[in-house]
Amino acid sequence: MIGWFDANLVSILNGFAIGSLLFILAVGLSIVFGMMDVLNLAHGAFFLVGSYLSVTFLAGASWGGFLTALGVAALVGLLAGGVLSGMTEPLARRPILDQALLTLGISLIVAEVLSIVYGNDVRSVRPPPGLRGSTDVAGDAYPTYRLLLIGIGLALALVVWLVVERTSVGALVRASVADREMVSAMGIDNRKVKVAVLGLGSMLATVAGVLAAPVYGARPGLDETILLLALVVIVIGGLGSIRGALIGALVIGQVESLGRALLPDLASFILFGTLALVLVVRPRGLFAGKVAHS
Amino acid sequence: MLEVRGLRSGYRRSTVLQGVDLDVGAGRVLGLLGRNGVGKTTLVHTLMGLVTATAGTVRIDGRDVTGRRPDVVARAGVGLVPQGRRVWPPLTVTEHLDLAARRGRGAGPWDVPRVLELLPRLGERRRHAAGQLSGGEQQMLAIARALLTNPRLVLMDEPSDGLAPAVVDQIGGAIGGMKAEGVTLLVVEQDLHLAFAVADDIAVMDKGRIVHRSSTREFRSDSSVAHALLGVA
């Protein structure tokens, strides 16, 4: 067992790095969907905007560039989420699919614009200075930046969890996920909550894009790959659940990494096999946050 | 306090409310009776703005709130204790009370200590998630949540539904406590015992209209009315 663990340590760590990223991405997607029934298919495109912002601000060249890219990405994400919230408002009483189509359209436009501006080549981004080497982990040399990524992901997970589970703002968010009509019947304007949550959720997506750039670079199509993984995570974890997003992200991180390493031919099958298995056993996800009422 | 004129509304292609006229005077408790499916809950939802009115007007203290969003109606002074209670299962009792109190602080007599005095059972359950409470406790929590916004009018939809008689009595006591504080109430109820105990006036709904209106005393003295309108003796 220990021998197996040693042999696959790098894959397991990679799985944690992917899982951390997926959590940051999925948590915003999950809360917005659980809370407002807005399935934001532009989430992956926002992520890619973050990745390309690291290209623009030369995030790989210096810490200044890296931090600038992070700050700009955070602002852009916040704004994009706010605008998106306004755009979905006229469709608020239409079926979920109508809003999903709107966000899909936005995501296609964003992806096309990115491809016009940055071209179709893969753009790689180096980690900021000081994090480019590797660190010894139980005898294996492991990229230092990925270790940092795992740390940041876990720290963000903790912050998001604390805010949602332990603060009054978080209670408002959880109440909105459970039954938002009752929140509005208490005198709270749902639209304001939606702007805030969609803004912060989108901010997490663009920030994740910057953080991921040194690992995945920036290229056309990355938005769809990432969106698909994030959707699998929230379906497995359960809509609107923080804990579900965390567990789902860690599971899919390992499936993507360890699964690919051990059974390379079956990687996609394992990913969707996991999804199918969870849906058969727990159709509402492992930790459904949303409550059905008539 | 509440004036409803010619109110029509419904869902998709079916009109449920066929022109409702209804008044509730300030500080009064109106018991709204009617068989299943005659539109009582639709009326409550339309008054609250959860269902959009297609015609007619709703006035709260003279202010027209027809077709406004639920949060606007709530801020105009209306509280809702909905059918099925609809508390937020993952939130604790304390979280419910705090969320509601933040909205209503200073706007009237109700704060958390006052509400817990009215509904002491909740005080013993403060750290529990609402999803773990009994039906009666959830009903009390739904009442507390509405009261803490300091509404002048409370809409209650079947507060006794599915509760044991002893608990129904406690709910009735809480309604009495609200009335004593000057809160106006519209109580939809199938339980005649509770309706008669708390209501000053009785209105009966049938096929999307108000078909009878009288004081509770008159209503009770003429059992033929109840029999004809509700199918009960």
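**Gly104(B)**

I started with Gly104(B), which sits in helix α3 of chain B, residues 93–104. I kept in mind that this is a predicted model. Buried or exposed, I wondered about Gly104(B)? It is buried, because its relative accessible area comes to 0%, and the limit for buried is under 20%. Then I listed what Gly104(B) touches: leaving aside residues up to four places away in sequence, I got Leu148(B), Thr149(B) and Asn150(B). I also took a distance to Thr41(B), which is 63 residues from Gly104(B) in sequence. In space the two are 25 Å apart, C-alpha to C-alpha.

**Helix α1 of chain B**

Thr41(B) led me to helix α1 of chain B, as Thr41(B) is on the list of buried residues there. How many residues of this helix, 40–48, are buried? I got 9 of the 9, so the helix is largely enclosed by the rest of the structure. The list holds Lys40(B) and His45(B) along with Leu43(B), Val44(B), Leu47(B) and Met48(B). Threonines are on it too: Thr41(B), Thr42(B) and Thr46(B). Right after α1(B) comes Gly49(B), and I noted its positive phi, near 90°.

**Chain B as a whole**

I stepped back to the chain. I counted 10 helices and 10 strands in chain B. The radius of gyration is 17 Å, close to the 17 Å from the globule rule for 233 residues, so chain B is as compact as a globular protein of that length. Along the principal axes, its C-alpha atoms fill a box of roughly 45 × 40 × 30 Å. Of the 233 residues, 55% are buried. I looked at contacts with a separation of 6 or more, and 70% of those in chain B are between residues 24 or more positions apart. The accessible surface is about 9,700 Å², and carbon and sulfur atoms hold 46% of it. For charges, I have 30 positive and 24 negative in chain B, with their mean positions 6 Å apart.

**Val183(A)**

Next I went over to chain A and picked Val183(A), in helix α7, residues 168–184. It has a relative accessible area of 0%, so I put Val183(A) down as buried. What does Val183(A) touch, not counting residues up to four places away in sequence? Within chain A, I found Leu172(A), Ala175(A), Ser176(A), Ile188(A) and Asn190(A). The list also has a residue from chain B, Trp88(B). I checked Glu89(A) as well, 94 residues from Val183(A) in sequence, and the C-alpha atoms are 17 Å apart.

**Aromatic pairs**

I then looked for aromatic pairs over all chains and the count came to 4. One of them is Tyr52(A) with Tyr118(A), stacked, at 4.3 Å centre to centre with 15° between the planes. This pair links distant parts of the chain: Tyr52(A) is in helix α3 (residues 43–56), Tyr118(A) is in helix α5 (residues 96–118), and the two positions lie 66 residues apart in sequence. Tyr52(A) has 1% relative accessibility, so it counts as buried. Tyr118(A) comes out at 16%, and since the cut-off is under 20%, Tyr118(A) is buried too.

Which geometry do Phe66(A) and Tyr145(A) have? The ring centres are 6.3 Å apart and the planes stand at 90°, so I wrote it down as edge-to-face. Phe66(A) belongs to helix α4 (residues 63–88) and Tyr145(A) to helix α6 (residues 144–166), so the pair ties together parts 79 residues apart in sequence. Both Phe66(A) and Tyr145(A) are buried. With Trp63(A), they make up one aromatic cluster.

**Chain A as a whole**

Last, I took the overall numbers for chain A. There are 11 helices and 2 strands, and from the N terminus the order is α-α-α-α-α-β-β-α-α-α-α-α-α. The radius of gyration is 19 Å, close to the 19 Å that the globule rule gives for 294 residues, so chain A is as compact as a globular protein of that length. I got a C-alpha box of roughly 60 × 45 × 35 Å along the principal axes. Buried residues come to 53% of the 294. Of the contacts between residues at least 6 apart in sequence, 77% join residues at least 24 apart. Chain A exposes about 12,600 Å², and carbon and sulfur atoms supply 70% of that. I closed with the charges: 18 positive and 16 negative in chain A, mean positions 7 Å apart.

Notes:
Residues are numbered from 1 along each chain as its sequence is written. Chains are lettered from A and ligands numbered from 1 in the order in which they are written. This is a predicted model: local features need pLDDT of at least 70, side-chain atom pairs count only at pLDDT 80 or more; totals for chains, interfaces and linings use all residues. Side-chain values use heavy atoms; hydrogens and water are left out. Helices (H or I, at least four residues) and strands (E, at least two) are DSSP runs, numbered from the N terminus. The radius of gyration is taken over C-alpha atoms; the globule rule is 2.2 Å times the number of residues to the power 0.38. Buried means under 20% relative accessible area, exposed over 50%, partly exposed in between (1.4 Å probe, protein chains only). Contact means heavy atoms within 4.5 Å. Accessible areas come from the Shrake-Rupley method with a 1.4 Å probe; for residues, only the protein chains shown count as cover. Lys and Arg count as positive and Asp and Glu as negative; His and the chain ends are not counted. The place of a charge is taken as NZ of Lys, CZ of Arg, CG of Asp or CD of Glu. Rings of Phe, Tyr and Trp (its six-membered ring) pair if their centres lie within 6.5 Å; planes under 30 degrees apart count as stacked, over 60 as edge-to-face and the rest as tilted.
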